[in-house]
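User: Please examine one chain of this model closely, from its overall build down to its unusual backbone geometry. Then set it beside its partner chain.

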Amino acid sequence: MTGTLGPDDIAAGIEALAKVIRERTDGRPIALVGIRSRGDEVAERVCTILAEDDRELDFGILDISLYRDDFAHLHENPKLQGSEIDFDLNGRHLILVDDVLFTGRTIRAALDALSDYGRPGRVELAVLIDRGHRELPIQPDYVGIPLETSRNDHVLVSLQGTDGEDKVEIKEKTEP
Amino acid sequence: MARKDLLDLASLDRSEIDHLLEQAVPFKEVFTRSVKKVPALKGKSVLMLFYEPSTRTHSSFEVAAKRLSADVTNFDVAHSSVVKGESVRETVETLQAMRTDYIVVRHGRSGLPAMIASQTKASVVNAGDGAHAHPTQGLLDAFTLKEVFPEPEGRRVLIVGDILHSRVARSTSKVLKKLGVEVAYLGPGSLLPRTCPLGIPRFTDYEEAMRWKPDVVYLLRVQMERQEAQFFPSLREYHRVYGMTHERLKRIEDAGIWLMHPGPVNRGVELCDQAMDYSRSLINTQVENGIAVRMAVLYWLKPREG
């Protein structure tokens, strides 16, 4: 399939994500950790909404480039931007946040990276878009926008803070 | 663009140097975590080929490689066939057959790492060759300076000692000049280069050099093992004329000048005991930064496929 999502769809997706996290965590202390790049922006925008409540809320950014098992050694190494986790995550309830959930390999790498910072009490997964086609036993706990795609489609996400506009493009892959 | 080898800094352009200095920052962050290791080079092998003694550079590269999860093999030259007369070329052919991914080389002859690089698919990192280059030292010095002065352009670094035989002076001056830092040399006339292609001011008198108003005084090591002592009357004399004496330490403290040294330090020669505890000493920071910079270098280089 092909198609486009606009700023309203994305804003609604982020709202939906914040709403379901708010309902299910019920004011308990949580920390949102966004995966670079774009997962950090989704986490930040969800955090802004959750910060309206009176609750303990931490925010961190995870760069998983050094933990990837796919393209890292095939081509050029990805540019590192580094992680920013300024709180002690031992025993904490963490919610990992990413923009798109696809094969699950990014999340596997993120879990490896997180465990090198300490031992969280609990880790959940929130994604703005779940496009299916998992290759690993990883499922999201919170989803903003469920999206039906075929395995070969490209899902290209642009976000205001990172790319200057909110947009999702779904393109059919042309080459085999 | 990634490169296969790092042999000297002259062949890197400004954007590549900036890239490496930027990339060292997230690697330094790894040291603050509970697990000080990342799996970036898991399954890769790093071979340490040191034909000259070195404790600091050797262990710094070894720690860097291990923190990237690479396997490290030490090719112990003193106990190898090299003493049986095996040539460097034969050694490299053997190493090629071992399919090592990275080779870190130190050798007394200038240009030897480049020769090895041309004969192997592995990425070669020059860890010091003769008086030619020591690129990772230059990078770690630049990184350390940038931590203190985020905008290093126009800052002044005075390098003191045996400039002529120093690959540290050569590599560090080169990278600092590329960053727009002003560099000057101070040392005995017999140990200063007769011409400076980079247009670097040269001083033989300490007072004159201090009037140049440096932000950093960078002391080079007097290399006893290379019989440098023959270039000046005595070590005590060297300390008196060019060393960081107690009295000079007070003066640089008042002027807010930072102190650097590539290590290992000869106490009582390049600097007095009190200088080890100087509040603006960057000597230990240089050691820590050396690991981060070497991690960034290994991560950046790309061995040839196949």
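Analyst: **Chain B and its partner**

In chain B, 75% of the contacts with a separation of 6 or more are made by residues that lie 24 or more positions apart. The model is predicted, and every value below is computed from it.

Chain B holds 10 helices and 9 strands. Its radius of gyration is 19 Å, close to the 19 Å that the globule rule gives for 306 residues, so chain B is as compact as a globular protein of that length. The C-alpha trace spans about 55 × 45 × 35 Å along the principal axes. Of the 306 residues, 42% count as buried.

The chain is divided into two parts: domain 1 takes 14-132 together with 288-300, and domain 2 takes 135-283. Taken over C-alpha atoms, the centres of domain 1 and domain 2 of chain B are 26 Å apart. Where these domains of chain B meet, domain 1 contributes 17 residues to the contact and domain 2 contributes 14. On the domain 1 side, α1, β4 (123-129) and α10 of chain B each supply at least two of the residues that touch domain 2. Sorted by class, this side of domain 1 of chain B has 9 nonpolar, 5 polar and 3 charged residues.

Two of these elements also serve the contact between the chains. In that contact, 13 residues of chain B meet 12 residues of chain A. On the chain B side, α1 (14-30) and α10 each supply at least two residues. The largest share comes from α1(B), with 4 residues. The class count for this side of chain B is 9 nonpolar, 2 polar and 2 charged residues. Thus α1(B) and α10(B) each supply at least two residues to the side of domain 1 that touches domain 2, and each does likewise for the side of chain B that touches chain A.

The backbone of chain B departs from the usual pattern at the following sites. As background, most residues other than glycine have a negative phi, and most peptide bonds are trans. The peptide bond from Gly263(B) to Pro264(B) is cis, with omega near -15°. Pro264(B) belongs to the loop between β9 (258-260) and α10 (283-300) of chain B. A further site is Ser69(B), which has a positive phi of about 70° although it is not a glycine. This serine sits in the loop between α2 (56-67) and β2 (71-75) of chain B. Ser69(B) is partly exposed, because its 15 other C-beta atoms within 10 Å fall between the limit of 12 or fewer for exposed residues and that of 20 or more for buried ones.

The partner, chain A, can be described in the same terms. Chain A has 4 helices and 8 strands, and from the N terminus on its elements run β-α-β-α-β-β-α-β-β-β-α-β. For its 176 residues, a compact globule would have a radius of gyration near 16 Å, and the 16 Å of chain A agrees with this. Its C-alpha atoms fill a box of roughly 50 × 40 × 30 Å along the principal axes. Buried residues account for 38% of the 176. Among its contacts between residues at least 6 apart in sequence, 69% join residues at least 24 apart.

Chain A contains an open sheet of 3 strands in the order β1-β8-β7, with antiparallel pairing. Its edges are β1 (3-5) and β7 (154-158) of chain A; each has a single partner strand, so one side of each is left without a neighbour in the sheet. From one strand to the next, the twist averages 15°. The pairing of β7(A) with β8 (residues 167-171) of chain A is antiparallel and extends over 5 bridges. Within it, Ser158(A) stands opposite Lys167(A) of β8(A).

Chain A also has its own backbone exceptions. The peptide bond from Arg36(A) to Ser37(A) is cis, with omega near -20°. Ser37(A) is located in the loop between β2 (30-35) and α2 (39-50) of chain A. Asp26(A), which is not a glycine, has a positive phi of about 50°. The loop that holds Asp26(A) runs between α1 (7-25) and β2 of chain A. Asp26(A) counts as exposed because 7 C-beta neighbours lie inside 10 Å, and the cut-off for exposed is 12 or fewer.

Technical notes:
Residues are numbered from 1 along each chain as its sequence is written. Chains are lettered from A and ligands numbered from 1 in the order in which they are written. This is a predicted model: local features need pLDDT of at least 70, side-chain atom pairs count only at pLDDT 80 or more; totals for chains, interfaces and linings use all residues. The radius of gyration is taken over C-alpha atoms; the globule rule is 2.2 Å times the number of residues to the power 0.38. Two residues are in contact if their C-beta atoms, placed from the backbone, lie within 7 Å. Ala, Val, Leu, Ile, Met, Phe, Trp, Tyr, Cys and Pro count as nonpolar, Asp, Glu, Lys and Arg as charged, and the others, Gly among them, as polar. Domain bounds come from an automatic or database domain assignment. Two strands pair if DSSP finds at least two bridges between them. Axes are lines fitted to C-alpha atoms, for helices over the stretch in contact, and angles run from 0 to 180 degrees between N-to-C directions.
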